[in-house]
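Colleague: Please take a close look at one part of this model, namely its enclosed space and the surroundings of that space. I should like a connected account that proceeds from the void to the residues and elements around it.

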Amino acid sequence: MYKIGIDLGGTNIVAGVVSEDFKIIATAKCKTNLPRPAEAIMDDMIAVTRQAVKNAGLTMDDVDAVGVGSPGACNAETGVVEYANNLGFVNVPMRAYMEAALGKPVSVENDANAAAYGEFVAGAGKGKKNLVCITLGTGVGGGVIIDGKIFAGHNYFGAELGHTVIVVDGEPCSCGRKGCWEAYASATALIRQTRQAMEEHKDSKMWQIAGSLDNVNGRTAFDAMRAGDDAGKQVVDTYINYIGVGLGNMINIFQPEVICVGGGICHEGETLMAPLRTIVAKEQYQFESDKKAVLCTAQLGNDAGIIGAAFLRQN
């Protein structure tokens, strides 16, 4: 039998057919096309599910469960998306709606939690019991697995790890606080920091690499650093330090077996991870043990959310 994992995002809806050994054998997707009613979005989720099954050369009879990773506060017990501001969802009965259409049991979970669960069952945390997964993207996403179970908090808003403050009265964050980890360690923050440095250093090689402030991306400062640019190196060093401070906090709170970091910035490989390990070693609570958290990159990339959603029923 196969399982379906659905990754509901603000831009795309992606459904994947997943085998029992955690392999995605076929996918289908469509645009989310916000804003529009929840029922219209769920109808497209149902359609891409059926299309993915067709693309796999299967029928719904070959599927035993469907899982959804959705933004927002998702009540895993009732299958209701209680609140998702970027989708405009308030108390959307997603499980009931989709079960009625598909005739299969449906599980619903927060998308970051689903991605963390994917890494737990099939990626960086496979074979472990405790995992923290951090994604550095537009924001800083987080998911926590404790004793094999997703931690969501009593109100399903748990593990908003990017909204822990690392600089009191610091940069404003989209959540309304100031100084959040997300405001310093996200890819969005890196781009802002790079532009600021370029404005302060008109002779920086970052200008040659990007061409203009509008063309700055997450690689600009790293490429400049590799070209011997001092300003680029300063941006990278400061940015990595912000990531490391937050990771140290997460380790001190949860003491997981594994803490994995994902997102496009991880394509930098050891350029990112080697200094991060040094910083995290200093930032975490100091004690002698052979059971300290292992810091590594996430393994599943964009597949984590689909795989994790597909296997939610075993959580």
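Modeller: A cavity is here a set of grid points where a 1.4 Å probe fits but cannot get out. The model is predicted, and the structure holds one cavity of 30 Å³ or more. The volume of the largest cavity is about 30 Å³. Its lining is formed by Gly72, Asn110, Asn113, Tyr156, Phe157, Gly158 and Glu160. By class, this lining divides into four polar residues, two nonpolar and one charged.

Asn110 leads from the cavity to the next site. Besides lining the cavity, Asn110 is touched by glycine 69. Glycine 69 belongs to strand 4, which spans residues 63-70. Its relative accessible area is 2%, under the 20% limit, and glycine 69 is therefore buried. Leaving aside residues up to four places away in sequence, glycine 69 is in contact with Ile6, Asp7, Leu8, Glu109, Asn110, Asp111, Ala114 and Ala309. Between glycine 69 and alanine 112 there are 7.5 Å in space, C-alpha to C-alpha, although the two are 43 residues apart in sequence.

Two of these contacts, Ala114 and Ala309, also take part in the packing of helix 3 against helix 10. Two packed helices are described by the angle between their axes and the distance between the axes. For helix 3 (residues 111-122) and helix 10 (residues 303-310), the axes come within 6 Å and cross at roughly 80°. Helix 3 is therefore roughly perpendicular to helix 10. On the side of helix 3, the contact involves Ala114, Ala115, Tyr117, Gly118, Glu119, Val121 and Ala122, which meet Ala304, Gly305, Ile307, Gly308 and Ala309 in helix 10. This contact comprises eight nonpolar, three polar and one charged residues.

Glu109, another contact of glycine 69, leads to an open space, the second largest pocket, which encloses about 240 Å³. Glu109 is among the residues closest to the centre of this pocket, together with Ala76, Val108, Leu312 and Asn315, out of 14 that line it. Strand 8 (residues 106-110) gives the largest share of that lining, four residues. By class, the pocket lining has eight nonpolar, three polar and three charged residues.

In summary, glycine 69 touches Asn110, Glu109, Ala114 and Ala309, among others. Of these, Asn110 lines the cavity, Glu109 lies among the residues closest to the centre of the second largest pocket, and Ala114 and Ala309 belong to the contact of helix 3 with helix 10.

How values were computed. Residues numbered from 1 in each chain as written. Predicted model: local features only at pLDDT ≥ 70, side-chain atom pairs only at ≥ 80, totals over all residues. Heavy atoms only, no water. Axes fitted to C-alpha atoms, helices over the stretch in contact; angles between N-to-C directions. Helix = DSSP H or I, 4+ residues; strand = E, 2+ residues; numbered from the N terminus. Parallel < 35°, antiparallel > 145°, perpendicular 65-115°, else oblique. Contact = heavy atoms within 4.5 Å. Nonpolar A, V, L, I, M, F, W, Y, C, P; charged D, E, K, R; others polar. 1 Å grid on protein atoms, 1.4 Å probe; cavity = no way out; pocket = protein on both sides within 12 Å on 5 of 7 lines; lining within 4 Å. Points joined across faces, edges and corners; volume = space filled by probe spheres on them. Buried < 20%, exposed > 50% of the residue type's maximum accessible area, 1.4 Å probe, protein only.
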